[in-house]
Amino acid sequence: MWKREIRAAIMVSLAAAGMAFNINCFVNAVGLYPGGFNGIALLVQRAGDSFFHIAIAFSLISYPLNILALVLSYRSLGKRFLIYTILSVGLTGILTDMMPAFPLTDDVLLASIFGGIINGACISISMLAGGSTGGMDILANVYGHRLNKDPWNITLAANTLILLAAGLLFGWDKALYSIIFQYASTQVIHLLYRKYQQATLFIISDQYEKIYQTILATTQHSATVLDGTGCYTNEEKKMIYSVVSSQQVKGLVRAIRKMDASAFINIVRTTQLDGRFIYKD
């Protein structure tokens with residue numbers, strides 16, 4: 001157990017360092033707005049500098065926003081998620097303020113694409129470790145559970161409000177480039193973090209009772225056993241039908257193979273699901 005927690009703490013810390021590096025070397029270098037609470041913090045920071053000539057530390061804006069989100073959502077968050085989110089937000093704020101900024105490119109399009117990729121990777125790493133990078137990620141976890149839907153496209157839509165404010169205050173070119181940043185980030189999250197995507201399993205096996213117990217224990221999802229007949233052999237068969245999180249599929253298939261190496265497993269991507277679906281924390 002302690003090895004798992006050390007690994008998770010390291011992953012969250014590396015993601016926080018990557019987020020701070022991304023803000024200083026890509027986002028601030030070309031004036032992008034990453035969306036989320038980081039985007040709000042940067043927007044306030046730049047507004048203070050441009051209109052009031054006041055230098056405000058990134059952490060002084062980021063911390064209160066994230067504390068508010070945690071207070072509003074703490075009843076829906078597990079203790080482990082809460083601890084790692086606080087670690088992530090804390091490190092990101094400190095490192096962003098302390099880390100020297102050195103632009104890696106002055107090409108806005110390149111910064112938008114690669115900055116978005118790094119942003120999405122950092123968010124995914126934190127989520128895979130059991131935490132988050134704060135802000136919209138907190139709300140995504142809470143309302144992803146409640147709405148039974150992938151929240152990242154909703155988050156992308158919500159971030160457009162930040163980009164609209166940035167466009168009105170500082171011009172539309174960087175705001176429009178920031179949409180590319182957000183899109184790249186969202187696509188990376190969809191690729192790496194698949195908790196809110198579902199897969200349907202059709203499993204033909206004589207060990208159907210053991211397989212069902214494994215599905216239940218591993219994923220907290222039930223299954224349905226269907227009767228069938230193998231057309232080639234004309235033998236009676238049992239087929240197990242279950243819908244699980246895509247993130248759980250690989251581990252589940254490995255467990256099934258240990259019980260029945262000859263099991264026939266058909267994995268189908270589920271694009272839409274209507275009904276109660278429990279996400280395992």
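Is arginine 4 buried, partly exposed or exposed? Arginine 4 is partly exposed, with a relative accessible area of 39%; buried means under 20%, exposed over 50% and partly exposed in between, with a 1.4 Å probe and protein chains only.

The model is predicted, so local features need pLDDT of at least 70 and side-chain atom pairs count only at pLDDT 80 or more, while totals for chains, interfaces and linings use all residues. Residues are numbered from 1 along each chain as its sequence is written, and side-chain values use heavy atoms, with hydrogens and water left out.

**Overall architecture**

The protein has 10 helices and four strands, which are DSSP runs numbered from the N terminus (helices: H or I, at least four residues; strands: E, at least two). Their order along the sequence is α-α-α-α-α-α-α-α-β-α-β-β-α-β. The C-alpha trace spans about 80 × 40 × 30 Å along its principal axes. Of the 281 residues, 45% are buried. Contact means heavy atoms within 4.5 Å; among contacts between residues at least 6 apart in sequence, 76% join residues at least 24 apart.

**Salt bridges**

A salt bridge is a side-chain nitrogen of Lys or Arg within 4 Å of a carboxyl oxygen of Asp or Glu. The count by this rule is four, and the table gives some of them.

| Positive residue | Negative residue | N to O distance |
|---|---|---|
| Arginine 4 | Glutamate 5 | 3.9 Å |
| Lysine 238 | Aspartate 227 | 2.4 Å |
| Lysine 237 | Glutamate 235 | 3.8 Å |

Lysine 238 is in strand 3 (residues 236-245) and aspartate 227 is in strand 2, so their salt bridge ties together parts that are 11 residues apart in sequence. Lysine 238 is partly exposed at 28% relative accessible area, whereas aspartate 227 is exposed at 65%. In the pair of lysine 237 and glutamate 235, the lysine is partly exposed at 28% relative accessibility and the glutamate is partly exposed at 44%. Arg4, Glu5 and Arg80 are linked in a network of salt bridges.

Threonine 229 belongs to strand 2 (residues 224-229) and is partly exposed, with a relative accessible area of 49%. Beyond its neighbours within four places in sequence, threonine 229 contacts Asn234, Glu235, Glu236 and Lys237. Its C-alpha is 9.7 Å from that of methionine 239, 10 residues away in sequence.

**Surface**

The protein exposes about 15,100 Å², of which carbon and sulfur atoms supply 63%; accessible areas come from the Shrake-Rupley method with a 1.4 Å probe, and for residues only the protein chains shown count as cover. Patches are made of residues with over 30% relative accessible area and no salt bridge, joining like charges within 9 Å and nonpolar side chains (Val, Leu, Ile, Met, Phe, Trp, Tyr) within 5 Å.

Leu109, Leu110, Ile113, Phe114, Ile117, Tyr177 and Ile180 make a nonpolar surface patch of about 540 Å². Helix 5 (108-129) and helix 8 are the elements giving two or more residues to this patch, and helix 5 gives the most, with five residues. Tyrosine 177 is in helix 8 and is partly exposed at 31% relative accessibility.

Lys and Arg count as positive and Asp and Glu as negative, with His and the chain ends not counted; the place of a charge is NZ of Lys, CZ of Arg, CG of Asp or CD of Glu. The mean positions of the 22 positive and 16 negative charges are 7 Å apart. Arg194, Lys250, Arg254 and Lys258 gather in a surface patch of positive charge. Within this patch, arginine 194 lies in the loop between helix 8 (172-192) and strand 1 (198-204), and is partly exposed at 32% relative accessible area.
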